[in-house]
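Got your viewer open? Let's take a walk through this one together, picking residues as we go.

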Amino acid sequence: MTPGNADLLLVVDVQVDFLPGGALPVPGGDAVVAPINDLQHRFRHVVLMQDWHPADHVSFAETHPGRAPFETVALPYGPQVLWPRHCVQGSPGAAFAPGLATDRASLVVRKGLDPRVDSYSAFLEADRATRTGLAGALRERGIARVAVCGLATDFCVAWSALDARDAGFDVLVVADAVRGIDVDGSLARAWAEMEAAGIRRIGAAAIG
């Protein structure tokens, strides 16, 4: 793949709280920083996503008395995995990972701001009705193909990739520039769902 004017690199949630030692660490999450920095130099268009929650967000286990992280509860929009408190607006944990290049990004999109609704996807919140506006922004820039990288493969990366495909974009996931959490087999399910949707897996070395 040789990126052109209609190609975009979507960098998902490479933030301090998702790195080893953070509030919600993704195993090996820090290993994506170097390949993502290298990839950014190959794309004319780069968008950074940033998880950006209020302190009382509905996805936090501590907002549900008696519940623990990684349990699932029923919310008005469907099942919700409960997480440790993470990526609180303005906190050190919500910052981009140390060393992550941000100067090439033409757009930074923050998600998860509504305290009542989680938001894994760069395109649609978890209620599956509220749009972030990213699809429209990409169309106005003439983007046709999106290469997704970042954290975590089985949640925000997969949801973003699937929604990008549903929005009509050709989608690839850069396999060596993502890492997953894997809650009860979620990683294998995510890759299977993406493959079934026509999303292609590609290595960074295959991007020229």
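Start by selecting D51 and K111: both of these residues are buried. Keep in mind as you look around that this is a predicted model.

**Stop 1: D51 and K111**

Show the two side chains as sticks. They meet in a salt bridge, with 3.0 Å from N to O. Now turn on the cartoon: D51 sits in strand β2 and K111 in strand β5, so this pair ties together parts that are 60 residues apart in sequence. As for how buried K111 is, its relative accessible area is 1%, and the cut-off for buried is under 20%, so K111 falls on the buried side.

**Stop 2: add D13**

Leave K111 selected and add D13. Which residue does D13 form a salt bridge with? The partner is K111, and the closest N and O atoms are 2.8 Å apart. D13 belongs to the loop between β1 (7-12) and α1 (33-40), while K111 is in strand β5 (residues 107-111), so this bridge ties together parts that are 98 residues apart in sequence. Is D13 buried or exposed? Its relative accessibility is 0%, so D13 counts as buried.

Keep D13, D51 and K111 on screen together: the three are linked in a network of salt bridges.

**Stop 3: over to R42 and D38**

How many salt bridges does the structure hold? There are 9. For another one, select R42 and D38, whose closest N and O atoms are 2.1 Å apart. Try switching on the surface here. R42 is partly exposed, with a relative accessible area of 24%, and D38 is also partly exposed, at 40% relative accessibility. Compare that with D51 and K111 from the start of the tour, which are both buried.

**Stop 4: H53 and its surroundings**

Hide those and select H53. Where is H53 placed? Look in the loop between β2 (45-51) and β3 (72-75). Being in a loop doesn't put H53 on the outside here: its relative accessibility is 0%, so it counts as buried.

Next, add H86. A polar contact of 3.4 Å joins the side chains of H53 and H86. To see what else is around, ask your viewer to show the contacts of H53, skipping its neighbours within four places in sequence. Besides H86, the list includes S59, F60, C87, V88 and Q89. Add G112 and D118 as well, since H53 is in contact with both of them too.

Definitions and conventions:
Residues are numbered from 1 along each chain as its sequence is written. This is a predicted model: local features need pLDDT of at least 70, side-chain atom pairs count only at pLDDT 80 or more; totals for chains, interfaces and linings use all residues. Side-chain values use heavy atoms; hydrogens and water are left out. Helices (H or I, at least four residues) and strands (E, at least two) are DSSP runs, numbered from the N terminus. Buried means under 20% relative accessible area, exposed over 50%, partly exposed in between (1.4 Å probe, protein chains only). A polar contact is a pair of N or O atoms within 3.5 Å; within protein, one must be able to donate a hydrogen and the other to accept it, and residues adjacent in sequence count only if both atoms are side-chain atoms. Contact means heavy atoms within 4.5 Å. A salt bridge is a side-chain nitrogen of Lys or Arg within 4 Å of a carboxyl oxygen of Asp or Glu.
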